[in-house]
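Q: I'd like a close look at one part of this protein, the place where two particular strands sit side by side in a sheet. Could you start there and then work outwards to the rest of the chain?

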Amino acid sequence: MAESAKTEEKRRAWGDEEPETEEDSPSADVAPVVDAGEASELKKIEELSITEKKGPLSDPEESEIQAVTSGNTVYEAAVKFEDLSLSKELIKGLYVEMGFTRPSKIQAVSLPMILTPPYKDLVAQAHNGSGKTTCFVLGMLSRVDPTKEGPQAMCICPTRELAQQNQAVLMRMGKYTGITSMCAIPTDSASYVPMYKRPEVKEHVVIGTPGTIKKLMTAKKLRTWNIKILVFDEADHMLAEDGFKDDSQRIMKDIRRESGGCQVLLFSATFNETVKSFVSNVVSDGNQIFVKKEELTLEKVKQYKVQCYRERERPNERLKIEVIKKILEFGEKIGQTIIFVRTKESARNLHKQLSNEGYECTSIQGALNTEDRDKIIKEFKDGLTQVLITTDLLARGFDQEQVNLVINNDLPVVYESLKRGSPEPDCEVYLHRVGRTGRFGRNGAVFNLLGSREEEALLEMIEHHFQHSIPKVDNWEDDKSIAKAIQDAGLK
DNA sequence: AAAAAAT
């Protein structure tokens, strides 16, 4: 009893998505700092002072996180939440409601940058499950004056599900602050209220998806002159050409103008080179925190590949289903499982096939109506369902700590490359999928099902990209081989 | 093709 209570406390100690487990984890692996925004004024370069009992900064070359500040402000890493001059209501929310005890690494470094005047913009990259949500939620909550009415903070997310999840975190963390929030996402057509009939938004924090937020703004139901802080979650996708770049830029421009300059925060686990260089323009005078792509792989998540085709034979989808059944026979007993597929249709098909063969599961994809989407997410989060089949709808940000198994039925590919006829993997999406497990520093396993020689080549490109080799599970027909892989991953 | 969306 005492034992499990202790484990629980330790597990929750670092924030809502924290992967760190070792108490002596090197929180000092934050690099010294060079100037980003004003390269011409090198004298403005400031050292980021890390006050750690554990000793001096590690060598920058070994650092997981590279922090770059802009301007004269000197930031000191937060060892305790008390170092951040948060209101006592917020501190209470962190300890009592969230059960945190101290800031995680990314929180220790980014929160001072977010909360210290002159409130510089920030682009922050950190590992999946390392507590990014807490960073920007705390940022929003601490910039709001609850005695004033109307929107003062905003957060834009790529999916309805992520917006709802982030709002839930904000409400819990801000439970004692009196701060109100609203979720600006599409509803089902039955309960749809036309924009002109809606009341003006009175809540302090608005969290939502780009389309609905844009609509509210043009209908003048969402007044933005008091917005102090604007957050983009999954910012690399929000600013990508094939993502929400146009919407995001429009919203950012309007709010920056209306509010007379507000703080912009960009958070994600991934920033590819293209987005990274664009992002530096967007927040040219901001602070930056980046992680090398070779260091993004989660150590506690074991990745595997399974060959689901036979040489000199035509690809056969049945083989993948047989492997999935084998994995589920072990996996179902130990936690929850997410199976990723490439298309809506294969989500439906796989759901049907597995159900027909006696394997209970649910599936979600963007073509479902919003009511069904909400219901399936709720059932899975409540632990009522064990196995969830999904498109990349849930690839990013979805936080369910009981998920310890991820199966990639199909690997993510870059659509443009597919059209060109030379498929390339989408390494960023791959990393986000993997990050659905191994949250809070838990163990996790990922099985990549390879249905052809081409898919095998795709995974090799992913391995090369992250400089991380993925072992093959041989003889999957033998019950023991998959059982052993699951055991080796630390799942029991 | 995946995602949002109420143009």
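A: Let's start with strand 10 (residues 336-340) and strand 13 (residues 403-408): they run parallel, and five bridges join them. To find one of those contacts on screen, pick Ile-339, whose bridge partner in strand 13 is Ile-407. Keep in mind throughout that this is a predicted model.

As background, strands of a sheet pair through backbone hydrogen bonds, either parallel or antiparallel. Here the two strands belong to an open sheet of six strands, with parallel pairing and the order 9-14-13-10-12-11. Strand 9 (301-307) and strand 11 (362-364) stand at the edges; each has a single partner strand, so one side of each has no neighbour in the sheet. From one strand to the next, the twist averages 20°.

Now look at what packs on this sheet. Helix 12 (residues 370-381) lies across strand 10, strand 11, strand 12 (387-390) and strand 13, so the pair we began with is part of what this helix covers. Its direction is at about 130° to strand 11.

Moving away from that sheet, there's another one to compare by eye. Eight strands form an open sheet in the order 1-8-2-7-6-3-5-4, and here the pairing is mixed. Its edge strands are strand 1 (66-68) and strand 4 (181-184), each of which pairs on one side only. The twist in this sheet averages 15° from one strand to the next.

For a pair to zoom in on here, try strand 2 (residues 122-125) and strand 8 (residues 287-290): they run parallel and are joined by three bridges. Leu-122 has Asn-287 of strand 8 as its bridge partner.

Two helices are worth tracing over this eight-stranded sheet. Helix 6 (residues 210-218) lies across strand 3 (153-156), strand 4 and strand 5 (205-208), and runs at about 140° to strand 3. Helix 8 (residues 245-259) also lies across strand 3, along with strand 6 (229-233) and strand 7 (263-268), and runs at about 170° to strand 6.

A couple of backbone details turn up in the loops. The peptide bond from Pro-117 to Pro-118 is cis, with omega near 10°, and Pro-118 sits in the loop between helix 3 (105-115) and strand 2. Lys-220 has a positive phi of about 60° even though it isn't a glycine; you'll find Lys-220 in the loop between helix 6 and strand 6.

Next, the empty space. The largest pocket has a volume of about 1,300 Å³. It is lined by 37 residues, and the closest to its centre are His-237, Asp-242, Val-413, Asp-426 and Val-429. Helix 7 (235-238), helix 9 (273-282), helix 13 (415-420), helix 14 and helix 15 each give two or more residues to that lining. By class, the lining of the largest pocket divides into 17 nonpolar, eight polar and 12 charged residues.

There are also three cavities of 30 Å³ or more. The second largest cavity holds about 50 Å³ of space, and its lining is made up of Thr-297, Gln-303, Tyr-430, Leu-431, Ile-462, Glu-463, Phe-466, His-468 and Ile-470. Helix 14 (427-434) and helix 15 (453-466) are the elements that give two or more residues to this lining, and helix 15 gives the most, with three. Sorted by class, the lining of this cavity has five nonpolar, three polar and one charged residues. Helix 14 and helix 15 also appear among the elements lining the largest pocket.

Finally, a word on confidence. The mean pLDDT of chain A is 87, and 87% of its residues reach 70 or more. Among its elements, helix 2 (residues 88-97) has the highest mean pLDDT, at 98, whereas helix 1 (residues 2-12) has the lowest, at 39. Over residues 1-62 the pLDDT is below 50, although this stretch has 141 contacts in the model beyond near neighbours in sequence.

Methods
Residues numbered from 1 in each chain as written. Chains lettered and ligands numbered in written order. Predicted model: local features only at pLDDT ≥ 70, side-chain atom pairs only at ≥ 80, totals over all residues. Heavy atoms only, no water. Pairing = 2+ DSSP bridges. Helix = DSSP H or I, 4+ residues; strand = E, 2+ residues; numbered from the N terminus. Axes fitted to C-alpha atoms, helices over the stretch in contact; angles between N-to-C directions. Contact = heavy atoms within 4.5 Å. 1 Å grid on protein atoms, 1.4 Å probe; cavity = no way out; pocket = protein on both sides within 12 Å on 5 of 7 lines; lining within 4 Å. Points joined across faces, edges and corners; volume = space filled by probe spheres on them. Nonpolar A, V, L, I, M, F, W, Y, C, P; charged D, E, K, R; others polar. pLDDT = per-residue confidence, 0-100.
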